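Me: I am new to this structure and would like a close look at one part of it. Please start from a single residue and then work outwards to its surroundings and the rest of the chain.

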Amino acid sequence: MNNRVVITGMGVVSPNGTGIDKFEDALRQGRSGIRFIPKLEELKFGCWIGGVPQGIKEAYETYFKSVGRNFIEGNIEYALIAVAEAWRNAGLTLPDEDAVADWDTGTVFGCGVCDMDTISQKLVPMVNAGKTRRLGSMVVERVMGSGISAYIAGLLALGNQATSNSSACSTGTEAIIEAAWRIRTGLAKRMVAGGAEGSSPYAWSGFDSMRVLSTKFNQTPEKGSRPMSASACGFVPGAGAGALVLENLDTALERGARIYAEIKGGMINCGGQRQGGSMTAPNPEGVKRCIKGALADAKMGADEIDAVNGHLTATFADPREVRNWAEALGCNPADIPLINSTKSMIGHCLGAAGAIESVASVLELHKGFMHPSINCEDLHPDIVPYKDRIVQSFMETPELKTIAKASFGFGDVNSCLIMQKWER
Amino acid sequence: MSTTEIFDKVMEIIKEFVKDEEKLKNATMDTAIIDDLKVNSARLVDIIIEAEDAFDVEIDDDDADQIKTVGDAVKIVEKKLADA
């Protein structure tokens, strides 16, 4: 079986916009969602800024019942809001409690770290205080690796595969590729794919100690996330969720669904932590093989890629990443596809990053624009040769047809997704 | 504390675990927590824990196993308060 896979619905919870419309507006305006987070200063982090989605309670109440006293704004809530939006955006109705399972629909929806809010605020303090018997029934389902997909399965009455994947910062993009392949091979007709990450300081603390977070822009948060900039000094931690409804083309056409884009192909691999790769740095050969592998899977040539939504986190790795793209696509700096980094506005949303950034890429394809990659007016010297191809301000791009989106993660893991504007 | 007051307080706790708010409207002492209100059976333990906190009583596992209806919960709380 070789079914074509299309995107028919999207939902997003992003630091610069909860909901597709707000997110698109923020992307067009180049609006940062990075704010001062008092708790980080209080806890003596080096980085006091982060991307925390706003308006979560209100968004939750749009789709679900009014929030009770036990409401948590965690990765699961972000995921449920994004999924409910994506489902409705696809023209589908949330099933009621008496519905039968939908055997043809599944989910691959992961996170980088599980629900750290529950672990840090409830599980550890209560168990340490000898109150294990009073933890209640919800700790397990919130901290289990598959917590997010379990909640989504319940929301949508899913009867097909329901899995949470995890591959660090590659998680969101990997989920979309895995889900697309499941539809391509005929194992499912429809999949909800994406990633979610909570905004707990405890999840971010390890990165702070590694000295990989931005620490020099605590007084000017919106300037803090600086992919490709000479003054980049680490990434800004972010949180949120991105959700995409993927469908078999025939199923989508049959029900007259609005089609945003087609998933042409993808590739997932690992650099083996060799040849210059390590737990925290990518093997350049692995990255290039991943990009080339995605093109091969899409049966497309490098010259067909119009734009790249990079991983580009604002660390030392950005110049290497841009060079890897040029080498993988076999082009000179002046001929490289247009490049932008959504992280410049939302920070690095870790396990949700690839999903939120894919939503941004699909909006760009569908609406014909490229969002600005902000805070790189002082390009890194090694990136200067690519200057004309870095999208520094908003561009109308009606001719934009194909975007490559890649994500790379700790463990030397890579994923690359090729998406094309839908035209009948 | 009157039976009505205990009932209201118990319903306030149960409310959090009911997905369909419509089902709460006509709840009485005879309403079954799992069968009528469609509360997930795993959540009974959360309702018990919250009731223990709200009424400052201890409900052991054997007592908890007897709770099927809202009234069962109210009666156990009443008994614990009387014993206290």
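Me: Is A:R211 buried or exposed, and where in chain A does this residue lie?

Reply: In this predicted model, A:R211 has 11 other C-beta atoms within 10 Å, and because a residue with 12 or fewer such neighbours is classed that way, A:R211 is exposed. The residue belongs to the loop that runs between α9 (201-209) and β8 (240-248) of chain A. Its backbone deserves attention too, since phi of A:R211 is near 65°, a positive value in a residue other than glycine. Most residues other than glycine have a negative phi.

A:L312 also has a positive phi, near 30°, and is likewise a residue other than glycine. The loop that holds A:L312 lies between β10 (307-309) and α12 (317-329) of chain A. A:L312, however, counts as buried, because 30 C-beta neighbours are found inside 10 Å.

A further loop residue, A:N160, is placed between α7 (147-156) and β6 (162-163) of chain A. With 19 C-beta neighbours inside 10 Å, A:N160 counts as partly exposed. Apart from its neighbours within four places in sequence, A:N160 is in contact with A:W103, A:D104, A:T105, A:G106 and A:A188. Of these, A:A188 stands 28 residues away along the chain, and yet the C-alpha atoms of A:N160 and A:A188 are separated by 6.8 Å.

Turning from the loops to the interior, the largest nonpolar core has 130 residues, and those with the most contacts inside it are A:A79, A:A82, A:I152 and A:L246. Helix α4 (residues 75-89) of chain A gives the most to this core, contributing 10 residues. If neighbours within four places in sequence are left aside, the contacts of A:A82 are A:G11, A:V12, A:V13, A:G194, A:A196, A:A241, A:G242 and A:A243. There is also a second, separate core, which has 21 residues and includes B:I6, B:V10, B:I59 and B:V74.

A pair of helices shows how elements of chain A meet: helix α8 (residues 171-184) and helix α14 (residues 353-367) pack at an angle of about 70°, with their axes 5 Å apart. At that angle, α8(A) is roughly perpendicular to α14(A). On the side of α8(A) the contact is made by A:T171, A:G172, A:T173, A:E174, A:A175 and A:I176, while α14(A) supplies A:A353, A:G354, A:A355, A:I356 and A:S358. By character, the residues of this contact divide into 5 nonpolar, 5 polar and 1 charged.

Seen as a whole, chain A has a secondary structure of 14 helices and 15 strands. Its C-alpha atoms fill a box of roughly 60 × 55 × 40 Å along the principal axes. The radius of gyration of chain A is 20 Å, which agrees with the value near 22 Å that a compact globule of 424 residues would have. Of these 424 residues, 58% count as buried. Among the contacts in chain A with a separation of 6 or more, 78% are between residues 24 or more positions apart.

Finally, there is the contact between the chains, which takes 8 residues from chain A and 10 residues from chain B. The side of chain A that touches chain B divides into 1 nonpolar, 4 polar and 3 charged residues.

Technical notes: Residues numbered from 1 in each chain as written. Chains lettered and ligands numbered in written order. Predicted model: local features only at pLDDT ≥ 70, side-chain atom pairs only at ≥ 80, totals over all residues. Helix = DSSP H or I, 4+ residues; strand = E, 2+ residues; numbered from the N terminus. Rg over C-alpha atoms; globule rule 2.2 N^0.38 Å. Buried ≥ 20, exposed ≤ 12 C-beta atoms within 10 Å, placed from the backbone. Contact = placed C-beta atoms within 7 Å. Axes fitted to C-alpha atoms, helices over the stretch in contact; angles between N-to-C directions. Parallel < 35°, antiparallel > 145°, perpendicular 65-115°, else oblique. Nonpolar A, V, L, I, M, F, W, Y, C, P; charged D, E, K, R; others polar. Core = buried A, V, L, I, M, F, W, Y, C linked by C-beta atoms within 7 Å.
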